[in-house]
Amino acid sequence: MALPWMQVDLGRPVEIDQASLFLRDFMGHDKHWAKGELLFSDGGKVPFELDPLKAGAQNILFPKKTVTFVRVQNLEHPGEVGWSAMAEVQVFGRESPEK
């Protein structure tokens, strides 16, 4: 079974240093994501862990890098598989000085 992923295409080189993930509010029947990794267009990866009971922003900080996309991948549940959702992915940065 393939693991789900989401990708943010930035459309041009952007210097970034943070991503924020938002899980769906707890609905009782949900099985939330516990961990995963960010994959960047430069091939770099950053593993992360999530608080399954936190519905607000869960921030992932990393050293500045210039990329054209960020993929949230290899999402895993803490236990048995069930319904899970990610409500939003945000990537923070600025126009890259490298053009």
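**View A. Val89 counts as buried, at 18% relative accessibility.** Here, buried means under 20% relative accessible area, exposed means over 50%, and partly exposed is anything in between, using a 1.4 Å probe and protein chains only. Please keep in mind that this is a predicted model, in which local features need pLDDT of at least 70, side-chain atom pairs count only at pLDDT 80 or more, and totals for chains, interfaces and linings use all residues. Residues are numbered from 1 along each chain as its sequence is written, and side-chain values use heavy atoms, with hydrogens and water left out. Val89 sits in strand 5, which covers residues 86-95. Strands (E, at least two residues) and helices (H or I, at least four) are DSSP runs, numbered from the N terminus. Which residues does Val89 contact, once its neighbours within four places in sequence are set aside? They are Met6, Val8, Ser20, Leu21 and Val72, where contact means heavy atoms within 4.5 Å. Leu21 is 68 residues from Val89 along the chain, with 4.8 Å between their C-alpha atoms.

**View B. Strand 1 pairs with both strand 4 and strand 5.** Two strands are said to pair if DSSP finds at least two bridges between them. Strand 1 and strand 4 run antiparallel, joined by twelve bridges. To find your place in this pairing, look for Met6, whose bridge partner in strand 4 is Val72. With strand 5, strand 1 makes nine bridges, again in the antiparallel sense. A handy landmark on that side is Ile16, which has Gly93 in strand 5 as its bridge partner.

**View C. Glu15 is a buried residue of strand 1.** The relative accessible area of Glu15 is 14%. What does Glu15 touch, not counting residues up to four places away in sequence? Its contacts are Lys64, Lys65, Thr66, Phe92, Gly93, Arg94, Ser96 and Pro97. Gly93 is also the strand 5 bridge partner of Ile16, so you may recognise it from View B.

**View D. A salt bridge joins Glu95 to Arg12.** A salt bridge is a side-chain nitrogen of Lys or Arg within 4 Å of a carboxyl oxygen of Asp or Glu, and the whole structure has five of them. For Glu95 and Arg12, the closest N and O atoms are 2.9 Å apart. This pair links distant parts of the chain: Glu95 belongs to strand 5 and Arg12 to strand 1 (residues 6-23), with their positions 83 residues apart. Both partners are partly exposed, Glu95 at 36% relative accessible area and Arg12 at 41%.

**View E. Glu76 and Lys35 meet in a salt bridge.** The N to O distance between these side chains is 3.9 Å. Because Glu76 lies in strand 4 (residues 57-76) and Lys35 in strand 2 (residues 35-40), the pair ties together parts that are 41 residues apart in sequence. Glu76 is partly exposed at 35% relative accessibility, and Lys35 is partly exposed at 40%.

**View F. Strand 2 and strand 3 form a hairpin with four residues between them.** In the turn, Gly43 has a positive phi of about 95°. The two strands run antiparallel and are joined by five bridges; Gly36 stands opposite Phe48 in strand 3. How do the side chains of strand 3 (residues 45-49) point? They alternate: Val46 and Phe48 are buried and point to one face, while Lys45, Pro47 and Glu49 point to the other and are not buried. Lys45 also forms a salt bridge with Glu37, with 4.0 Å between the closest N and O atoms. Is each partner buried or exposed? Lys45 is exposed at 52% relative accessible area, whereas Glu37 is buried at 14%.

**View G. Gln58 is a buried residue of strand 4.** Its relative accessible area is 8%. A polar atom of the Gln58 side chain lies 2.7 Å from the backbone nitrogen of Asp51. Beyond its neighbours within four places in sequence, Gln58 contacts Ala19, Ser20, Leu21, Leu23, Leu50 and Asp51.

**View H. The chain has an average pLDDT of 85.** pLDDT is the predictor's confidence in each residue, from 0 to 100. Of the residues, 83% score at least 70. Confidence is highest in strand 3, at a mean of 96, and lowest in strand 5, at 87.

How values were computed:
Polar contact = N/O pair within 3.5 Å; in protein donor to acceptor, adjacent residues only side chain to side chain.
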